[in-house]
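Reader: I'd like to go through this one and ask how the labels are earned. Can you walk me through it?

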Amino acid sequence: MTACRFVLNCVPTAQARTRHAVRGGHSVAYKSVGQKSAEAVLDDLLLARAPQKPLEGPLVLEFIAGMPIPASTPKRDREAMLRGDIGHTKKPDLDNLGKQLLDAMTRTGFWHDDRQVVSLLCSKRYAAVPGWEVAVYPVGGGIWAALMETTKGGHGTASPSSAGRSGRV
């Protein structure tokens, strides 16, 4: 399998918590209308990019969530946001963005189960055009190949601590 890279032109949204209610004396769990709508948009965009058959084996998923810049932002702050000098520290939380993307990619057939994703490299930042930048590839490709190259003198594996010392990840 080769790397699969693409951009999804939609505002990244986070996985919302399941809602609970009592109906007819029974407790039920349900998704909000907004969550269902966000899932449908993401699913439609992903279906056009899904592989013919689900990917096999351990996978690495990388994504950047490009978040919209508030309309009231002054020009100097807008430029700083686009350079990355001002980080996106507001909601949604990065872990919930990841959950939304992982679940959508599972529903649309990128892999059999999201447990195949053994490494998740993600970030969120402000972007002039909101969207998701996504890459998925087998372990041994992408940054993992570079990490393995830096640790050839050792056991041939890179630990998170050695990756941090090398300035990668």
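**Strands, a sheet and a helix face**

Author: Let's start with a pair: L8 stands opposite W132 in strand 6. This is a predicted model, where local features need pLDDT of at least 70, side-chain atom pairs count only at pLDDT 80 or more, and totals for chains, interfaces and linings use all residues. Residues are numbered from 1 along each chain as its sequence is written, and side-chain values use heavy atoms, leaving out hydrogens and water.

Reader: What makes strand 1 and strand 6 a pair?

Author: Two strands pair if DSSP finds at least two bridges between them. Here 5 bridges join strand 1 to strand 6 (residues 131-138), so they pair; they run antiparallel.

Reader: Why is strand 5 called an edge strand?

Author: Strand 5 (117-126) pairs on one side only, and so does strand 1 (4-8). The open sheet has the order 1-6-4-5.

Reader: How do you know the length of helix 1 fits its residue count?

Author: The expected span is 1.5 Å times one less than the number of residues. For the 15 residues of helix 1 (residues 33-47) that gives 21 Å, and the end C-alpha atoms are 21 Å apart, so the two agree.

Reader: Which residues of helix 1 are buried?

Author: Q35, A38, E39, L42, D43 and L46 are buried (under 20% relative accessible area, 1.4 Å probe, protein chains only; exposed is over 50%, partly exposed in between). They fall within an arc of 135° seen down the axis, so they line one face of helix 1. On the other side, V33, K36, D44 and L47 are exposed.

Key. Helix = DSSP H or I, 4+ residues; strand = E, 2+ residues; numbered from the N terminus. Arc of directions from axis to C-beta.
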